[in-house]
Each structure stands twice: as structure tokens, then as C-alpha cells.
Amino acid sequence: MGFLNAVYELGKQEERDTLSSFLKLPLPFEKTGKNNEHKKGGNEIRVHLRVENVNENPIKVLGVNSIDLVDFMSGEKDILKWKNKYLYRDPVGANTSWKFTPILKIGKPSKDENKRKATFIGEKGDWSKENKTHFYKIKNKMLMDYENSGYFTAGSVDRIMKGLEDEIDQIVDLFSENESHLIIFGVDVDEKFLYPGEIPAFKKYFKEKIDSQIGKGKTVKCSMCGKETASTVNLDKVFNFATFDKKSFLPALDKNSSSKVFPICTDCFAIFSNGRERLDREFMDMRTIPGMRIWCIPEIIGSDSSSSLKNVVNQFKEYVAKENTGIEDMFDSFAKFKNENLLFHFVFWEPNNAQEIVHLMIEDVPPTHLRMIEKCWRESLNAVGDNEKQKKLSRVLKFVYQTITSFGKDGGKKNKADLKVLRDFSIEIIGKLLNKEKINVESIKALFVQLIPKLLYSSEDNSGVKRDSEIKDMFLMIDFISRFNSEVRK
Ligand SMILES: [Zn+2]
């Protein structure tokens with residue numbers, strides 16, 4: 001329950017109302033570039049709809065006025081304000097015929113103009129028959145549901161699609177390379193573009209979709225606050241974990257048992273949604289292990305937890321701002337906290353379509369333990385005479401991952417099966433480090449012994465220097481794990 005409680009507390013802190021609790025930004029607020037510079041989250045292609053009366057429901061769409069491109073969150077960087085404007089929430093599945101809001105994420109475009117065009121209208125231009133094209137998705141997986149559920153008048157979607165077809169060349173031109181893009185449908189009123197969250201019918205539609213997630217049935221007790229209610233939501237509406245072989249992670253996520261194993265009331269649904277959004281925005285590390293997302297969630301135990309947690313969160317934010325280290329050093333900043341009644345929970349997961357695959361969940365890690373890992377690392381670096389590597393916690397975790405998985409690379413070409421096994425193995429070791437569990441050094445030695453010949457006799461482009469450093473890293477790894485094990489035994 002440590003993890004769930006921590007998310008719940010996070011969700012309770014921030015200002016929220018019935019709608020904004022369910023919202024998130026459609027792209028990261030900002031991201032870190034290759035050279036650690038801060039970059040904007042991406043671009044928006046805005047489709048300005050011409051409507052008869054924006055305050056009516058249903059809205060009669062007359063056509064497309066214009067299409068333009070602006071920076072994501074252009075102007076004032078007020079996150080709450082922008083969340084309310086975008087009115088965004090991730091779709092409930094990869095294959096649904098509706099979205100919470102008329103925003104389509106289309107990622108980075110192809111450099112080739114013709115290919116780019118084809119992603120919208122298909123190779124032959126017959127997008128209505130090609131379900132992978134953006135136009136097909138815009139019509140059939142997003143806008144049509146507005147018409148079918150009575151939020152657009154009949155014929156509105158056809159007029160929008162006609163407008164988009166007429167502007168296709170301009171849409172294709174608007175993309176800038178290497179940026180993520182969103183397509184946002186809004187309405188022009190007095191020459192001002194209104195975002196989805198500024199349009200009453202879109203807000204009502206969003207609310208209706210949120211309500212459709214809430215089940216009505218027998219009166220039960222909310223698993224979090226204990227309130228008696230007939231309107232409940234199961235926790236998988238907040239965490240879409242695929243936990244086939246790891247059912248024990250969270251009680252609510254066992255798909256085979258009753259869906260109401262962990263019912264929560266609508267208020268707690270809002271709180272959890274809010275907490276989840278903050279996890280993704282403020283407490284997610286994406287740089288330690290390639291492709292892996294790691295939530296690091298602080299929790300205060302003991303009395304007066306709410307205000308203490310606020311302090312820790314603020315301290316953490318200040319640290320990040322001051323040092324300008326960005327998200328990369330999240331682990332390092334956590335190791336610096338001195339609060340005695342502070343614990344961290346870590347969840348390692350990967351997105352897979354609309355699901356989240358959990359690799360590890362480690363609860364109740366005190367900052368003192370993180371510092372212990374750092375201490376062993378520093379001692380090992382000294383012992384093997386390595387002055388180049390950083391002495392921080394984040395470096396240790398990256399080192400374990402890189403050293404183990406480097407054996408999966410054969411002559412520059414990655415051997416996929418090997419790499420997967422080695423990746424899982426390295427994550428298992430990282431899990432034990434964080435969880436203060438003894439690690440089997442023999443299994444690591446055995447791996448090294450087995451792989452050394454491959455390393456020595458693989459391809460010619462492996463220079464002698466490279467091999468030296470890889471073998472040195474093996475010694476460093478064994479020294480470090482042994483030191484860690486002896487600390488665990490204490
Ligand atoms: Zn509740």
C-alpha cells in the first residue's frame with residue numbers, strides 16, 4: 001500500500017476541481033535534449049473550425065477556417081491553465097472509437113514530404129479505406145463520436161474532413177523536423193482560437209466520457225476513504241498495468257478476479273488521477289535505463305505527513321531548479337534527503353500501446369539506503385582506480401545496466417534475444433540494489449566468464465583499448481556487488 005498511499009497523497013495536494021483532476025498535458029512540458037539542453041515539448045497544428053454558435057449544443061460546424069502551427073504551450077507557462085485549455089486525457093485503449101478530447105498525437109514526422117502526406121491520406125489518397133491514416137483516425141476514431149453522441153449536428157464531420165482534404169498540402173508543409181506534433185481541433189470566435197477546454201460542448205462531452213468510466217452497482221465501501229457509495233471505479237482506470245505474471249503488485253490489478261477488488265469512489269478517482277498526472281510530470285525518470293520509465297515517489301510516514309510531504313516535494317523541486325540538472329539526476333537528489341521519516345517507492349515500467357508493463361515495484365526505500373549504495377560505489381571506484389566515472393547513485397544504476405547489456409552487442413549488431421535476457425537480468429540486479437537484497441555475485445561472474453571469449457574474438461572493430469575498459473568494468477562490477485552484499489549482511 002505504500003505506493004498507492006503515496007500517489008494518493010500527491011493527488012490530494014494540488015489544487016483541483018471536478019474536471020481538472022482528470023486532465024494531463026498531451027506532451028511533456030519540456031524535455032531534455034541530447035546535450036542536456038531544455039527543449040520545448042513539441043508543436044501544435046491547430047485546426048480552426050468555423051461554427052454557427054460555439055455556445056450551442058450540438059455545435060453546427062460549417063467548415064475549416066484555417067490551419068496554423070504554434071509551439072506547444074505557447075506564451076504563458078501556467079501548467080494548470082494549459083491543462084484546462086487542452087482538456088486532454090489519454091485514450092482508454094489503442095482501439096477505441098472515441099477520445100476524451102479532439103486532440104490527436106502524431107509524433108515526429110517523416111523527412112520525406114510524400115511519405116508525410118501518405119501518413120495522412122494513404123499512398124493512393126484513399127484515406128477512408130486505410131485505417132492507419134491520420135485522416136481515417138481523425139474521422140472514425142475521434143470526431144464521428146461527437147456527431148453520434150449528439151455534440152455535433154449531422155454533417156459537421158463531413159464538412160471538417162472536406163476542409164482538411166482541401167488543406168492537405170498546407171498541413172504537410174507545417175511540420176518541423178524532429179519535433180513531436182499534436183493536431184488540435186478548436187473553434188474561431190472573433191478571430192481568437194478557442195482550445196477544446198474553452199468550448200462548452202467539448203467540456204460536456206469530456207465529462208460524459210469520465211462518467212462512463214464510473215460503474216453503478218451495489219453500495220460498497222471505497223477502498224481508500226471508506227465512504228459508502230454505489231458509484232465506483234476500479235483502479236485500472238488510473239493505472240493500466242499489465243501484470244500478468246506479477247499480480248501481487250497491486251491488489252486491484254488482478255484482471256482474473258472480480259473487477260471490484262479495489263473499488264474507489266468518484267472523489268478518490270479524481271484524487272488518484274491527479275496523483276498519476278503528477279507522477280508522470282514531476283517524478284518520472286526516463287534516462288537511467290533506455291526505454292524504461294521509472295516513477296520515484298516520496299512518502300512521509302508519521303504525523304503531520306501532508307505538510308512534511310509538501311516540504312519534501314518543494315525541496316526537491318528547488319534542488320532541480322537550482323542545480324539545473326533536469327530529470328536525469330532524480331535518483332541523486334533523492335539520495336541527498338536527510339528526513340528520517342521519509343521513504344521512496346520506485347516503479348519501473350514500460351508503455352506498450354495503451355497498457356503499462358510493470359517490471360519492478362520497490363516500496364519503502366529510505367534515503368539512507370540510497371546513500372549506502374553510493375558509498376559502496378565510491379569505495380569500488382577507488383579500489384579499482386577509476387577516476388573517470390561519476391560518484392553518484394544515478395551513475396551506479398546506469399553502470400549496472402550498461403555493463404550487463406554490453407554483452408548483448410555482437411560486433412556492433414545487437415543480438416536481440418541475448419539483449420532481452422541481459423536487460424531483464426540487469427533490471428533484476430537494480431531491483432535488488434534498491435530493495436537491499438543480497439545479489440548473487442556468482443551468477444554475474446558466470447555471465448562474465450561465459451561471455452569473455454565472445455568479447456575477445458568478436459569483431460575486428462573492437463579495439464584493444466575498448467576490451468581493456470570492458471574487462472576493467474567487470475572487475476568494478478564484481479567489487480561493487482561484493483561490497484554491497486557485505487553491507488546488506490550487517
Ligand atoms: Zn473514496
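**Close-up 1. Helix α11, from end to end, in a predicted model**. Helix α11 covers residues 367-384, which makes 18 residues in this predicted model. From its first C-alpha to its last, α11 reaches 26 Å, close to the 26 Å expected at 1.5 Å a residue. What follows the helix? The next stop is G385, whose phi is positive, near 70 degrees.

**Close-up 2. The buried and exposed sides of α11**. L370, I373, E374, C376, W377, S380 and L381 are the buried residues of this helix. Why do they share one side of α11? Around the helix axis they cover an arc of only 160 degrees, which puts them on the same side of α11. Turn to the face directed away from that buried side and you meet the exposed residues T368 and N382. As a general reminder, an α-helix has 3.6 residues a turn, so residues three or four places apart point the same way.

**Close-up 3. Helix α5 and its cover**. Helix α5 runs through residues 156-166, and S156, V157, I160, G163 and L164 are buried in it. These residues cover an arc of only 120 degrees around the axis, which puts them on the same side of α5. K162 and D166, on the other side of α5, are exposed. What covers the buried residues? The cover includes two strands, β3 (43-51) and β4 (61-71), together with the helices α4 (134-148) and α6 (168-174).

**Close-up 4. The hairpin of β14 and β15**. Strand β14 (residues 342-352) and strand β15 (residues 355-365) run antiparallel and are joined by 8 bridges. One place to look along the pair is W349, whose bridge partner in β15 is V358. The hairpin has 2 residues between its strands, and N353 in the turn has a positive phi of about 55 degrees.

**Close-up 5. The open sheet β8-β9-β11 with helix α8**. Here 3 strands form an open sheet in the order β8-β9-β11, with antiparallel pairing. Which strands stand at the edges? They are β8 (215-221) and β11 (263-265); each has a single partner strand, so one side of each is left without a neighbour in the sheet. On average, and with direction ignored, neighbouring strands of this sheet are turned by 60 degrees against each other. Helix α8 (residues 266-282) packs on the sheet, where it touches β9 and β11, and its direction makes about 95 degrees with that of β11. Within the sheet, β8 pairs with strand β9 (residues 228-234) in the antiparallel sense over 4 bridges. For a landmark in this pair, find K221, which stands opposite E228 in β9.

**Close-up 6. The largest nonpolar core, with F346 in view**. The largest nonpolar core holds 110 residues, and I264, C296, I297 and F346 are those with the most contacts inside it. Helix α12 (residues 393-405) gives the most to this core, with 7 residues. Which residues touch F346, leaving aside its neighbours within four places in sequence? F346 is in contact with I294, W295, C296, L360, I362, V365 and L434.

**Overview. The whole protein behind the close-ups**. Stepping back, the protein has 15 helices and 17 strands. Of its 490 residues, 33% are buried. Among contacts between residues at least 6 apart in sequence, 69% join residues at least 24 apart.

Notes
Residues are numbered from 1 along each chain as its sequence is written. This is a predicted model: local features need pLDDT of at least 70, side-chain atom pairs count only at pLDDT 80 or more; totals for chains, interfaces and linings use all residues. A nonpolar core is a set of buried Ala, Val, Leu, Ile, Met, Phe, Trp, Tyr and Cys residues joined through C-beta atoms within 7 Å. A residue is buried if 20 or more other C-beta atoms lie within 10 Å of its own, exposed if 12 or fewer, and partly exposed in between; C-beta atoms are placed from the backbone. Two residues are in contact if their C-beta atoms, placed from the backbone, lie within 7 Å. Two strands pair if DSSP finds at least two bridges between them. The expected span of a helix is 1.5 Å times one less than its number of residues. The arc is that of the directions from the helix axis to the C-beta atoms. Axes are lines fitted to C-alpha atoms, for helices over the stretch in contact, and angles run from 0 to 180 degrees between N-to-C directions.
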